[in-house]
Amino acid sequence: MPKFEKSTGDLFYAQVSDYVREKIYSKEWGVDEPIPSEHELMAMLDLSRGTVQKGIRQLVDEGLLVQQRGRGTFVVQPVMASPTSNKLLSFGESMTDLGVDYTTCVVTREVRPADVVCAENLQIDVGDPYLFLCRVRYVRARPVMFLESHVNISVCPGLENEDFTEHTLFYQVEKTSGRKIGRSELVYNARVVGKKRGAYLDSDEHAPALEIDQLVRLDNGVPFEWGSVWLPANRCVISNETQRTNR
């Protein structure tokens, strides 16, 4: 049985979180399996109910656990969002290919004038209009992805009026531009989610997230989207399959 000490400098509830987190990371407590009940944890750890509850609440906020009324607390099954091999797909297309049912909510849709950084990335002039589009993607009524897009509407006339709840941005871009999607440049960053994005993702503002910065081009090399995708840690994972080439 673990012994928690005040001398470590960590509060007892934080040590409870660390204990349960390690059980999950080491795969002793598996995905979709219930963890021990509050009373069992109180007996195992020799701690009060309030301390155990606070430690478990922290892991719920991180997205490692989910509490189901009348059933218990379970290790969360991540939602897979996987670009297939080297084929460029939107995250929505990837989820569809994996058989994941999702819904999309548009939370911001505004035509704005480009500042210096936006103009540089989209290769437009400062002050030119672009579409600022923010969407939240849900799986089983739980937010799993927050997408922020700055879109070059000069190459996609009428895009700002299209429906992004039933169709992906890639679909609407190809429809309005008359061109195919070409390639993307991605940068992966580990972040804390922050207050604004945490509210959209139903996550604590200090919870970890994977942020993917992306610049996507049409098949003629013209950039049409510059933006970010935010994935809550332990709720979404990115998987990829590669093959080693002969050297």
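These are my notebook entries on a predicted model of one protein chain.

**Entry 1: the whole chain**

I began with an overview. The protein chain has seven helices and 10 strands. Of its 247 residues, 43% count as buried. I then looked up the accessible surface, which comes to about 13,600 Å². Carbon and sulfur atoms hold 48% of that surface. For contacts with a separation of 6 or more, I found that 59% are between residues 24 or more positions apart.

**Entry 2: helix H3**

Next I went to helix H3, which covers residues 49-62 and so has 14 residues. From its first C-alpha to its last, H3 reaches 20 Å, close to the 20 Å expected at 1.5 Å a residue.

Which residues of H3 are buried? I noted Thr 51, Val 52, Gly 55, Ile 56, Leu 59, Val 60 and Glu 62. I also wanted to know what covers them. The cover includes helix H1 (12-25) and helix H2 (38-45). It also includes strands S1 (65-68), S2 (72-75) and S6. Just after H3, Gly 63 takes a positive phi of about 90°.

**Entry 3: Arg 21, on the H1 side**

Since H1 is part of the cover over H3, I picked out a residue there. Arg 21 lies in helix H1. Is Arg 21 buried or exposed? At 14% relative accessibility, Arg 21 counts as buried, because the cut-off is under 20%. I set aside the neighbours within four places in sequence and listed what Arg 21 touches: Gln 58, Leu 59, Glu 62 and Leu 64. Two of these names, Leu 59 and Glu 62, were already in my list of buried residues in H3.

**Entry 4: salt bridges**

How many salt bridges does the structure hold? The total is 10, and I looked at some of them one by one. As a reminder to myself, side chains of opposite charge can pair when their charged atoms come close.

I started with Glu 148 and Arg 197, whose side chains meet in a salt bridge at 3.0 Å, N to O. This pair links distant parts of the chain, with its members 49 residues apart. Glu 148 sits in strand S6 (residues 142-151), and Arg 197 sits in helix H7 (residues 195-201). I checked the cover on each side chain as well. Glu 148 counts as buried at 8% relative accessibility, whereas Arg 197 is partly exposed at 21%.

Then I turned to Glu 162 and Lys 175, which meet in a salt bridge at 3.1 Å, N to O. They too link distant parts of the chain, and they are 13 residues apart. Glu 162 is in the loop between S6 and helix H6 (169-177), while Lys 175 is in H6 itself. Glu 162 has a relative accessible area of 18% and is buried. Its partner Lys 175 is exposed, at 52% relative accessibility.

My last pair was Glu 185 with Arg 183, where the closest N and O atoms are 3.0 Å apart. Which residues are joined into one network here? Salt bridges that share partners join Arg 183, Glu 185 and Arg 217. Glu 185 counts as partly exposed at 32% relative accessibility, and Arg 183 is also partly exposed, at 47%.

**Entry 5: a nonpolar patch**

I moved on to the surface. Val 116, Val 117 and Val 126 form a nonpolar patch there, with about 280 Å² of accessible area together. Where does Val 126 lie? I found Val 126 in the loop between helix H5 (116-122) and strand S5 (129-139). Val 126 counts as exposed, with a relative accessibility of 57%.

**Entry 6: two positive phi values**

I finished with the backbone. Most residues other than glycine have a negative phi, so I wrote down two that do not.

Arg 140 has a positive phi of about 50° although it is not a glycine. Ala 141 is not a glycine either, and its phi is positive at about 65°. Where are they in the chain? Arg 140 is in the loop between S5 and S6, and Ala 141 is found in that loop too. I looked up their accessibility last. Arg 140 is exposed at 69% relative accessibility, and Ala 141 is exposed with a relative accessible area of 73%.

Definitions and conventions
Residues numbered from 1 in each chain as written. Predicted model: local features only at pLDDT ≥ 70, side-chain atom pairs only at ≥ 80, totals over all residues. Heavy atoms only, no water. Salt bridge = Lys/Arg side-chain N within 4 Å of Asp/Glu carboxyl O. Helix = DSSP H or I, 4+ residues; strand = E, 2+ residues; numbered from the N terminus. Buried < 20%, exposed > 50% of the residue type's maximum accessible area, 1.4 Å probe, protein only. Patch = residues over 30% accessible without salt bridge, like charges linked within 9 Å, V, L, I, M, F, W, Y side chains within 5 Å. Areas by Shrake-Rupley, 256 points an atom, 1.4 Å probe, with all protein chains shown as cover. Expected span 1.5 Å × (residues − 1). Contact = heavy atoms within 4.5 Å.
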